Structure formats: structure tokens, C-alpha cells
Amino acid sequence: MAKNDWQVIEPASHFSPNTLAETLDGGQAFRWKFNEEVGAWQGIFDRFACLLKLDTNSDLLFQSLSKNKAKSFSSCKAFLRSSIDWASHEDSLPWRSDTHMKQCLESFRGLRILKQPFGEALLAFMCSATKQIPQIKVMCQNLAQTLGSPLGKNLHAMPTWEQVAEASETQLRSLALGFRAKNIKKTADLIAADSTLLKQIEQASYEDAKSALVEFPGVGEKIADCALLFGTDHMQAFPVDTWIIKVLEKRYELEGWDNKQLAQFGRIHFGPLAGFAQQFLFSWERTQPKVRA
DNA sequence: AGGCAGGTGGCCA
DNA sequence: TGGCCACCTGCC
């Protein structure tokens, strides 16, 4: 691969190798893997495939693997939310008064929230119920390979919801979706039946979008918050999953609070960037060595 | 070998 | 409201 195929997509990026990995492959997106041969992250988002790697001077380098290289480049910038000043976002989190938050920030400087296509985020997180990251990645890969549009070189986009709707529940089950298949099929039918529905939800306020999302079968508060955090600009969305429950109980002494109360605590304590804070808590907790009883 | 995993929905008191 | 349980599937 010729050197000049690489373009600087973000000069002097705020990423470390670790936080780039954690951002791309730490549980918010499921279509990235490290390509050992090339020494770069290879990923697919929207209708684009590309490579990303950090240069020694911490420039972030990009190489398109799909057609329409110019559009691929600008779309990847949007996907990375490159225009956001992430360092000042970090500074605005309540680390001054919250020692655990401070520790998480110090461990994951440069971590950020990606901007995935809304429909993709919703689909991926509908797959995520009681699954671990490697298995969610398999489901997404199966969905893309079987139902998504080809991008060349055995690369496939995630299917649109209309494409999902064309599959039967049985077919979806054969893609290792398990009991999620039924709800994903029903949700796909609802979305396919109203061509503006998903766009309307995407453009609605946080509260309105969340109420609309939880109407879909198989979408509760947690999945709705994930779709909104990773697929829209609503960074106040605060997904409460098992990891976050653990942190809030242990570090914030909130034993006995239910998930709704925990979500409310998160949005109040961490503020308008609660979802960004959540990602630090999540990454820290997820990468802690397991303690054996 | 059985229990559990980035949940949700249904049923029961 | 609050607690309990089934639900696919793969991995420890």
C-alpha cells in the first residue's frame, strides 16, 4: 500500500493509540477491526469503508477503501465529529469535584463519541441486548453481508431498515440474532411502512425522540439512549447498562436506585454532556481486570 | 455442565 | 410500582 494513499484527516489529534481503539472498537461502534497487515483500523460506516491510523506525531491518517474518495473523507470527518473541541468537552465534565471522573479522564484522554448513521446505531443496539461486543459484531457483520449493499472487496454497508424489512424473521434468526429477530423484524416493518418516520425521530428533541423510540418493540430506555447518543447530537443521552449500574452503585453509592433514577442522576450530575461522561465511566469499568470471588 | 452476558416485555402481587 | 422470568446463542 503506497504511502501517498494516506491523507491527514485530523492533524495533531487528541487520540492515543489506546483511546483510538477504545473509541472505534470499545462498544459504541461494531464494524471496526485492527488490520494487522496494514497496521491500521479498518472500518465501515454509512456507505463507506476506510482505514484509520495514528502517525508518530499523532496526526490521524485516513485512507478510503470505497468509491467516491472525496465524499468518503468528508463523511469520515463527520463520523469522527472532528469539528468538536474534545479537549474542552473533557474539561467541562465535573472532574474537579468528582475524583472517579478525574481518574476515568486521565485513563482515557482523547476518547470521544462517534456520530454514526442513526438507523445503523438503532439496529446495532437492538442487537446488543444481553450480548457482549464480539457477538454483537458477528450479528452486524452477518446483517451487512446478507442484507446490506456491497461496497466492493467483500465489504458491505449495514442494511437500511428497508432492507431489513425485506428479510423474514426466520432469515434474521439465521444471522444469529436469536430472540432479537422478532422485534427487529417488527420494528423494520414499522419503519418501512412510514418513509419519514426514522428521519422525524432523528430530528426531534431528545425527549420526543426517546419517547418515539421506546414505542418500537425491542427498544427500551437503554437502547433508545444508545441510538440517540451514538446516532444523533443528543449528548445528554445517558444509557444505563449493567456496567454503569455497577459504577454508580459502587463509586457513587447509589445502591437501591432503579434505572430511571440512575439515568436522571447521570443527566443532572454530569450535565449536558452526560453521555460523553458515561462513555468514560463505561470504558474504565469495562477494561478493569475481573475480580474473582 | 450450567450460568451468564451493554435488555425488554409480559405477568403477577 | 416492583419483582421475576423467558428469550437465542456462544463462551467460560
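A polar contact is a pair of N or O atoms within 3.5 Å; inside a protein, one atom must be able to donate a hydrogen and the other to accept it. Keep that in mind as you work through this predicted model.

**Exercise 1. Work out where Arg81 sits, whether Arg81 is buried or exposed, and which backbone oxygen its side chain meets.**

Step 1: Find the place. Arg81 belongs to the loop that runs between α2 (69–79) and α3 (86–91).

Step 2: Check the accessibility. Buried means under 20% relative accessible area. Arg81 has 5%, so it counts as buried.

Step 3: Look for a partner. A polar atom of the Arg81 side chain is 2.8 Å from the backbone oxygen of Leu114. That distance fits the cut-off of 3.5 Å for a polar contact.

Step 4: Look around. Once you set aside neighbours within four places in sequence, the contacts of Arg81 include Trp86, Arg112, Leu114, Phe230 and Asp233.

**Exercise 2. Check the span of helix α14 (residues 259–270), then find which of its residues are buried and what they pack against.**

Step 1: Compare the spans. With 12 residues at 1.5 Å a residue, α14 should span 16 Å. Its end C-alpha atoms are 16 Å apart, so the two agree.

Step 2: List the buried residues. They are Leu262, Ala263, Phe265, Gly266 and Phe270.

Step 3: Look down the axis. The buried residues of α14 fall within an arc of 160 degrees, so they line one face of the helix. Here's the background: an α-helix has 3.6 residues a turn, so residues three or four places apart point the same way.

Step 4: Turn to the other side of α14. Lys260 and Ile268 are exposed there.

Step 5: Name the packing partners. The buried residues of α14 pack against α4 (99–107), α13 (242–251) and α15 (274–286).

Step 6: Inspect the ends. Asp258 caps the N-terminal end, with a side-chain oxygen 3.1 Å from the backbone nitrogen of Lys260. After α14 comes Gly271, which has a positive phi, near 85 degrees.

**Exercise 3. Describe the protein surface near DNA strand B: which residues come nearest, and which helix gives the most?**

Step 1: Pick out the nearest residues. There are 24 residues around DNA strand B, and Gly27, Gln132, Gly218, Gly220 and Phe282 come nearest. Of the strand's atoms within 4 Å of the protein, sugar and phosphate make up 57%.

Step 2: Sort the surface by helix. α12 (221–231), α13 and α15 each supply at least two residues, and α12 gives the most, with four.

Step 3: Sort by class. You get 10 nonpolar, 10 polar and four charged residues.

Step 4: Zoom in on atoms. Phosphate oxygens of DNA strand B lie 3.2 Å from a backbone N or O atom of Thr130 and 3.0 Å from one of Ile223. At Asp241, a side-chain N or O atom is 2.9 Å from a base nitrogen of the strand.

**Exercise 4. Which residues surround DNA strand C, and what classes do they belong to?**

Step 1: List the residues. They are Lys131, Gln135, Arg173, Gly178, Phe179, Arg180 and Asp258. Sugar and phosphate account for 61% of the strand C atoms within 4 Å of the protein.

Step 2: Sort by class. One is nonpolar, two are polar and four are charged.

Step 3: Find the close pairs. A side-chain N or O atom of Arg173 is 2.8 Å from a phosphate oxygen of DNA strand C. Phe179 uses a backbone N or O atom, 2.9 Å from a sugar or linking oxygen of DNA strand C.

Notes. Residues are numbered from 1 along each chain as its sequence is written. Chains are lettered from A and ligands numbered from 1 in the order in which they are written. This is a predicted model: local features need pLDDT of at least 70, side-chain atom pairs count only at pLDDT 80 or more; totals for chains, interfaces and linings use all residues. Side-chain values use heavy atoms; hydrogens and water are left out. The expected span of a helix is 1.5 Å times one less than its number of residues. Buried means under 20% relative accessible area, exposed over 50%, partly exposed in between (1.4 Å probe, protein chains only). The arc is that of the directions from the helix axis to the C-beta atoms. Contact means heavy atoms within 4.5 Å. A residue is near a molecule or strand if one of its heavy atoms lies within 4 Å of it. Ala, Val, Leu, Ile, Met, Phe, Trp, Tyr, Cys and Pro count as nonpolar, Asp, Glu, Lys and Arg as charged, and the others, Gly among them, as polar.
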